[in-house]
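The exercises below concern the structure shown here. Please work through each task before reading its solution.

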Amino acid sequence: MLLWLDQGYAVVVDHRSSCPAGDPTQISPGDRVAQVVYFEVSRFPALLRTQSLFGPDSEAVLVEAAPWTEAELAP
Amino acid sequence: MLHEDSAVLAFVLCIGATLEPVRAITQRPSVVLADPLCDPPCWNGITPGATSADEVYSILARTEGVDFGTLFERIRGDQTLQFSWFFSAPIPDSTGRIYFIGGEVAAITIGTYGSADVEEILGMLGPPAA
């Protein structure tokens, strides 16, 4: 994954093997890109530190990032 | 029988060889690489932190290549949490997803799955921070 932290872009490069956060992998100019993500930096400060916003589990993380409101939690 | 199979195989290969150049000519670049409306992190006039769900719906409805019949809206209460859709030919990208927090776009994910390579993306976005 390539990350432009301040600008709010992330690019997930398509590799056959998994590439967990903290485990750098060599990439080449011709490698295929699997996903491009544009995000609002201020919404995901904690997630960006873990880099878990991107990749196979990104959907669950993004959905969970939307907090329940008090009205929704009220009985 | 073997002769017929060979003929069918040759026919299929011939059709494939004919269609490939046609596909290469008619296929457009990834929507990530060819966005005439705005620069990242905005995509297609949709800006994280600024665009509402209603505005996104209107934009997607008039965007060429968004297969609007596949648009799925995930709702919680009266708020849109997510839109997702498939792209259709000649757009080479696969899927799009837009996530909302507090009624505004929080993230846009375009599933390119090979419609762009690293060199093309770096040419557009510049060197990454990490």
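## Exercise 1: Elements and confidence

Chain A contains 3 helices and 3 strands, where helices (H or I, at least four residues) and strands (E, at least two) are DSSP runs, numbered from the N terminus. This is a predicted model, in which local features need pLDDT of at least 70, side-chain atom pairs count only at pLDDT 80 or more, and totals for chains, interfaces and linings use all residues. Residues are numbered from 1 along each chain as its sequence is written, and chains are lettered from A and ligands numbered from 1 in the order in which they are written.

Task: State the order of the elements in chain A, and identify which of them has the lowest mean pLDDT.

Solution.
1. Read from the N terminus, the order in chain A is β-β-β-α-α-α.
2. The mean pLDDT of chain A (the predictor's confidence in each residue, from 0 to 100) is 69, and 44% of the residues score at least 70.
3. Among the elements of chain A, the lowest mean, 56, belongs to helix α1 (residues 45-50) of chain A, and the highest, 88, to strand β3 (residues 33-39) of chain A.
4. Where pLDDT is low, predicted coordinates should not be read in detail.

## Exercise 2: The sheet

Task: Determine the strand order of the open sheet of 7 strands, and explain why β1 of chain A has one side without a neighbour in the sheet.

Solution.
1. Strands pair if DSSP finds at least two bridges between them.
2. The order is β1(A)-β2(A)-β3(A)-β4(B)-β3(B)-β2(B)-β1(B), with antiparallel pairing.
3. β1 of chain A and β1 (66-76) of chain B stand at the edges with a single partner strand each, so one side of each lacks a neighbour in the sheet.
4. The two chains meet at β3(A) and β4(B), which run antiparallel and are joined by 5 bridges; A:Q35 stands opposite B:G111 in β4(B).

## Exercise 3: Contact and core

Task: Describe the side of chain B that touches chain A by residue class, and name the residues that touch the most other members of the largest nonpolar core.

Solution.
1. Counting contacts as C-beta atoms, placed from the backbone, within 7 Å, the contact takes 30 residues from chain B and 32 residues from chain A.
2. On the side of chain B, β4(B) supplies the largest share, 6 residues.
3. That side has 20 nonpolar, 7 polar and 3 charged residues. Here Ala, Val, Leu, Ile, Met, Phe, Trp, Tyr, Cys and Pro count as nonpolar, Asp, Glu, Lys and Arg as charged, and the others, Gly among them, as polar.
4. A nonpolar core is a set of buried Ala, Val, Leu, Ile, Met, Phe, Trp, Tyr and Cys residues joined through C-beta atoms within 7 Å. In the largest, of 35 residues, A:A10, A:V11 and B:I108 touch the most other members; β3(A) gives the most to this core, with 6 residues.
5. Beyond its neighbours within four places in sequence, B:I108 contacts A:V37, A:Y38, B:W43, B:I46, B:P48 and B:I98.

## Exercise 4: Backbone exceptions

Task: Is B:N44 buried or exposed, and where is B:N44 placed?

Solution.
1. A residue is buried if 20 or more other C-beta atoms, placed from the backbone, lie within 10 Å of its own, exposed if 12 or fewer, and partly exposed in between.
2. B:N44 has 21 C-beta neighbours inside 10 Å, so B:N44 counts as buried.
3. B:N44 lies in the loop between α1 and α2 of chain B, and has a positive phi of about 55° although it is not a glycine.
4. The loop between α1 (2-26) and α2 (53-61) of chain B also holds B:P41; the peptide bond from B:P40 to B:P41 is cis, with omega near 10°.

Note on methods
Contact = placed C-beta atoms within 7 Å.
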